[in-house]
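This report looks at a few local features of one structure, and it takes them one at a time. Please keep the structure in view while reading.

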Amino acid sequence: MSDDTHPDLVAEREALHEQERTHEAEPSVGARRAAEALAGVANTPGVAKPDPILVADDMARHFGGVRAVEVEHLEVQRGTITALIGPNGAGKSTFFNLITGFDRPDSGRWSFDGGDVTGRPPHRIARKGMVRTFQLTKALTRLTSLENLMLGATGQRGEGMLASLLRPLWAAQEAQIRGRAEELLERFNLAHMRDEFAGTMSGGQRKLLEMARALMVEPRMILLDEPMAGVNPALTQSLLGHIEALRDEGMTIVLVEHDMDVIMSISDWVVCFAQGKVIAEGRPDDIRKDPAVIEAYLGSHRGLPTEEDR
């Protein structure tokens, strides 16, 4: 049975259509909260935010003679959906790699939730509460969906060789982890795939699985690298609904995405990269009219999608 015709997905799609109609009439509590927090913030590259959860300073990464990232100052407001946009090769994913510890900058410092995390390895940054997903999903294909989620939990007592032999030391904790994984499978409409190998899932389902696995860490901020890439329209709407729900629950979302309709409909704040630098940031309505953004994407004679175009 295809993604488009599965009964669970059809029901979720109908629910999401109803959410979209409600969203058009009245913004969600998370959207209102984000708009209030950003109300007095100027549309200026590197502008300070009222309550930043991520702050990056003087970050640079070069590959030979190529300037991949050169960010003087960037702040991400807590509790918002912040989108990073820009042409291919603008430095968005490289910036993701740097702040999550998957690559090392040539220079720069960055902090998360008030603590310096400069140079920390990925697993330590994740334990601090900042996790990411990847454009190409990293599901372990020969494990079930449930097992993939359970692996995402941190601080598992049974992971050591000696401790693993003493079941009473970790049995209760494992039951709690399993319960949380089951809840996330239900939340992301993957319960029917509970015991199926991740390798049998569609691309869209793997995106959902990876997002759910990231939540097993119980993060305060999640970074999504092109979450809609290769996903069919029905599951795209499902992913958007989940992202907005996480923001409404108080989580901070940073995403890289090329679909401008998605960006303009879901984001509270947009940051535009070009040639490794932040050339503009602001609210979606301001970004779509920003001359620097239009020039970077399309040249000076065209514009980005407007509300009337969607």
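## Two aromatic pairs

With a relative accessible area of 45%, Phe102 is partly exposed. The model described here is predicted, and a search through the whole of it finds two aromatic pairs, one of which involves Phe102. A pair of aromatic rings is described by the distance of the centres and the angle of the planes.

In one pair, Phe95 and Phe273 lie 5.6 Å apart from centre to centre with 50° between the planes, an arrangement that is tilted. This pair joins distant parts of the chain, since Phe95 belongs to helix α3 (residues 92-99) and Phe273 to strand β9 (residues 269-274), with their positions 178 residues apart. Phe95 has a relative accessibility of 2% and therefore counts as buried, and Phe273, at 0% relative accessibility, counts as buried too.

In the other pair, the ring centres of Phe102 and Phe134 are 5.2 Å apart and the planes stand at 90°, so the pair is edge-to-face, the angle being over 60 degrees. Here too distant parts of the chain are linked: Phe102 sits in the loop between α3 and β4 (107-112), whereas Phe134 sits in the loop between β6 (130-132) and α5, and the two are 32 residues apart.

## Where α5 meets α6

Two packed helices are described by the angle between their axes and the distance between the axes. For helix α5 (residues 145-152) and helix α6 (residues 171-187), the axes come within 9 Å and cross at roughly 120°, and the two helices are therefore oblique to each other. The crossing in which α5 passes α6 is right-handed.

Which residues in α5 and α6 meet? On the α5 side they are Ser145, Leu146, Leu149 and Met150, and on the α6 side they are Glu174, Ile177, Arg178, Ala181, Glu182, Leu184 and Leu185. Sorted by character, the residues of this contact of α5 with α6 divide into seven nonpolar, one polar and three charged.

## Positive phi values

Two residues deserve a look for their backbone angles. Asp58, a residue other than glycine, has a positive phi, near 50°. Asp58 is found in strand β1 (residues 52-63), and because its relative accessibility is 52%, Asp58 counts as exposed.

Asn189 is not a glycine either, and yet its phi is positive, at about 60°. Asn189 lies in the loop between α6 and α7 (203-215).

Key
Residues numbered from 1 in each chain as written. Predicted model: local features only at pLDDT ≥ 70, side-chain atom pairs only at ≥ 80, totals over all residues. Heavy atoms only, no water. Axes fitted to C-alpha atoms, helices over the stretch in contact; angles between N-to-C directions. Helix = DSSP H or I, 4+ residues; strand = E, 2+ residues; numbered from the N terminus. Parallel < 35°, antiparallel > 145°, perpendicular 65-115°, else oblique. Left-handed = near helix turned anticlockwise from the far one by under 90°. Contact = heavy atoms within 4.5 Å. Nonpolar A, V, L, I, M, F, W, Y, C, P; charged D, E, K, R; others polar. Phe/Tyr/Trp six-rings, centres within 6.5 Å; stacked < 30°, edge-to-face > 60°. Buried < 20%, exposed > 50% of the residue type's maximum accessible area, 1.4 Å probe, protein only.
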